Amino acid sequence: MQLSLYDTTLRDGAQTEGISFSAEDKLRIAERLDAYGVHYIEGGFPGSNPKDREFFTRAAERSWKHARITAFGATRYKGIRAEADDNLQSLAACETPTVTIVAKFSRFQAENVLETTPDENLAMIRDSVAFLKDAGREVIVDAEHYFDGLNHDRAYVEQCVRAAADADWLVLCDTNGGSLPSGIRDGVLAAAAGTELPLGIHTHDDLDLAEANALAGVESGARQVQGTANGLGERCGNANLLTLIPTLQLKLGHDCVAPAQLQQTAALARYIAEIANVTLDPQTPFAGHSAFAHKAGYHGSGMRKHSDAYQHIDPLLVGNDSRILISELAGRSSVVARADALGLGSDTDAAQVVDELKALEERGFQFEGAEASFELLLRRLSGDYEPPFAFVDFLVLAETRGGRDMLSEAMVKIRVGEEIFHTAAEGNGPVSALDRAARKALERFFPELGDMQLADYKVRILNSSAATDAAVRVLIQSSDGDGEWGTVGSSANIIEASWLALKDSYEYALLRARGSQSTVAKPT
């Protein structure tokens, strides 16, 4: 069955605590959702703020390949005519092809929240739909508190359904997120028995059941699925549309988006997380960095024998990939699988690598999230790898004089070929100074390192009971604009741990820039 996909990231998702989209952010997200094949993109509430009005003005100037840009509002205010309602007037002024209005489908909500009579609430639904239809709009009615309303007063909900009869869609909302799949099924079937309107389903995640409830709605007859990218939304969030679409298409056979669009799922999830300035949960189904990661040795062994051994789909279908994690749990098969993926299988002594891994992890190293350091370990143990440079030694000083701010200075000696280069630099901290001094030396020989940036720096205390004597692990995430990689260092000295992770970052950046065959560089 062809399903209608309705994204409300720009409105419901923007209600996530700590998230605020600019009009430009909204346009960028909308363009990616349109390219992905979403049918409706809810842009916001034009009656509430200038930013959303700017979005609709700018959206009207663009061509959209798949999506109908949709404005969101509410039924008319109690006691006034629809023609006099500022909210409805702002929806009509948007000139979007589709408008969505939220309506109370609950006697309790009408009486205690809207503080009006049940009959007036019914009139508000009818009048608002009629006004927007007369304005030539496709009208979607979000039946707010529909499922809770059934529990409070089923007969009144049936009256609300009839009041919305002239709309184009009736979307059943589990507004408080407290329903179970069985209640969703009953509610959708009840609505289908009382209206000929096509039905949609809108679920929230307060019981961690938003996606399950949305699927129950579809299986019971809903033809439109509403949700947000990455499950953004108020309280615990909304149903994750980027989980639902692959599930509906790959597991239930519904026609949602083209295969090439489905392959953009992981990239889209990461893109929107970046715009929202949040970290995508690595265990997010389909799109997360860990969604197809395998750590246990027997998992790695099984995956090496057959790609379906521990994966429910081919990750390429959603634009993700499999990863074999390297840890103390890894066996020889995991190491060989990783070496094969890097083209180093024939040069790798798996037993030696496993022994070295376990020795390093005993010292506090951990290679999950530090795949670049692990690749360098494989190359160093292969026997014929020549590193492009060698660090001879370093010195880091931190001092304050005469009440001035703390000053950090680092001095570094680096050997490239037969030449040793000695440099120094200051920084706002010891690691910053160390990074600047090392770069000053290395970029003389390897100018391509100028493209490398440190994207993240994390310190983990390994044995907190040792207090200030505790060993630490440093993880550094680096980027060259085309990709990111992680490196690790561990020591009882935080500067040494940082140094070990830094030098792996530089070395791996050169591998990326020049290929795996490192050659000695000449100074520029």
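Of the 524 residues in this chain, 52% are buried. Please bear in mind throughout that we are looking at a predicted model. The accessible surface amounts to about 23,400 Å², and carbon and sulfur atoms contribute 47% of that area. As to secondary structure, the chain carries 18 helices and 16 strands. Among contacts with a separation of 6 or more, 66% are between residues 24 or more positions apart.

A word on confidence. The mean pLDDT of the chain is 89, with 89% of the residues reaching 70 or more. Residues 516–524, by contrast, have pLDDT below 50, and this stretch makes 23 contacts in the model beyond near neighbours in sequence. Where pLDDT is low, predicted coordinates should not be read in detail. I shall therefore not interpret the 23 contacts of residues 516–524 any further.

Let me turn to strand S5, which spans residues 138–144. How is S5 placed relative to the rest of the structure? Seven of its seven residues are buried, so the strand is largely enclosed by what surrounds it. The burial applies to both faces: Glu-138, Ile-140, Asp-142 and Glu-144 lie on one side, Val-139, Val-141 and Ala-143 lie on the other, and all of these are buried. You will notice that the first of these faces includes Glu-138, Asp-142 and Glu-144.

Which strands pair with S5? One is strand S4, residues 98–104, which pairs with S5 in the parallel sense over seven bridges. Within that pairing, Ile-101 has Val-141 of S5 as its bridge partner. Another is strand S6, residues 169–174, which runs parallel to S5 and is joined to it by four bridges. Here Ile-140 stands opposite Trp-169 of S6. In the sequence of the strand, Ile-140 and Val-141 belong to opposite faces of S5, and both are buried.

I come now to the charged pairs. The count of salt bridges in the chain is 23, and I have selected three pairs and one network.

The first pair is local. Arg-58 forms a salt bridge with Glu-54, with 3.2 Å between the closest N and O atoms. Both belong to helix H2, residues 50–59, and because they are four residues apart they are separated by about one helical turn. Arg-58 is partly exposed, at a relative accessible area of 22%; Glu-54 is likewise partly exposed, at 37%.

The second pair involves Arg-76 and Asp-127, whose closest N and O atoms are 3.1 Å apart. This salt bridge links distant parts of the chain, 51 residues apart: Arg-76 sits in the loop between strand S3 (68–74) and helix H3 (86–94), while Asp-127 is in helix H5, residues 118–134. Is Arg-76 buried or exposed? With 4% relative accessibility, Arg-76 counts as buried. Its partner, Asp-127, is partly exposed at 31%.

The third pair is Arg-444 with Glu-419, again a salt bridge, with the closest N and O atoms 3.1 Å apart. This pair also connects distant parts of the chain, at a separation of 25 residues: Arg-444 lies in helix H17 (residues 430–445) and Glu-419 in strand S13 (residues 419–427). Arg-444 is partly exposed, with a relative accessibility of 27%, and Glu-419 is partly exposed as well, with a value of 31%. Elsewhere, Arg-11, Asp-12 and Glu-42 are joined into one network by salt bridges that share partners.

Next, the cysteines. How many disulfides does the model contain? The count is zero. Two cysteines may be mentioned for their surroundings. Cys-94 is buried, at 13% relative accessibility, and Cys-256 is buried too, at 5%.

Finally, I would draw attention to the backbone at two loop positions. Most residues other than glycine have a negative phi. Glu-115, which is not a glycine, nevertheless has a positive phi of about 55 degrees. Glu-115 lies in the loop between helix H4 (107–112) and H5, and with a relative accessibility of 57% it counts as exposed. Asn-230 is a further case, with a positive phi of about 65 degrees although it is not a glycine. Asn-230 occurs in the loop between strand S8 (224–227) and helix H10 (241–251).

Terms used
Residues are numbered from 1 along each chain as its sequence is written. This is a predicted model: local features need pLDDT of at least 70, side-chain atom pairs count only at pLDDT 80 or more; totals for chains, interfaces and linings use all residues. Side-chain values use heavy atoms; hydrogens and water are left out. Buried means under 20% relative accessible area, exposed over 50%, partly exposed in between (1.4 Å probe, protein chains only). Contact means heavy atoms within 4.5 Å. Accessible areas come from the Shrake-Rupley method with a 1.4 Å probe; for residues, only the protein chains shown count as cover. A disulfide is a pair of cysteine sulfur atoms within 2.5 Å. pLDDT is the predictor's confidence in each residue, from 0 to 100. A salt bridge is a side-chain nitrogen of Lys or Arg within 4 Å of a carboxyl oxygen of Asp or Glu. Two strands pair if DSSP finds at least two bridges between them.
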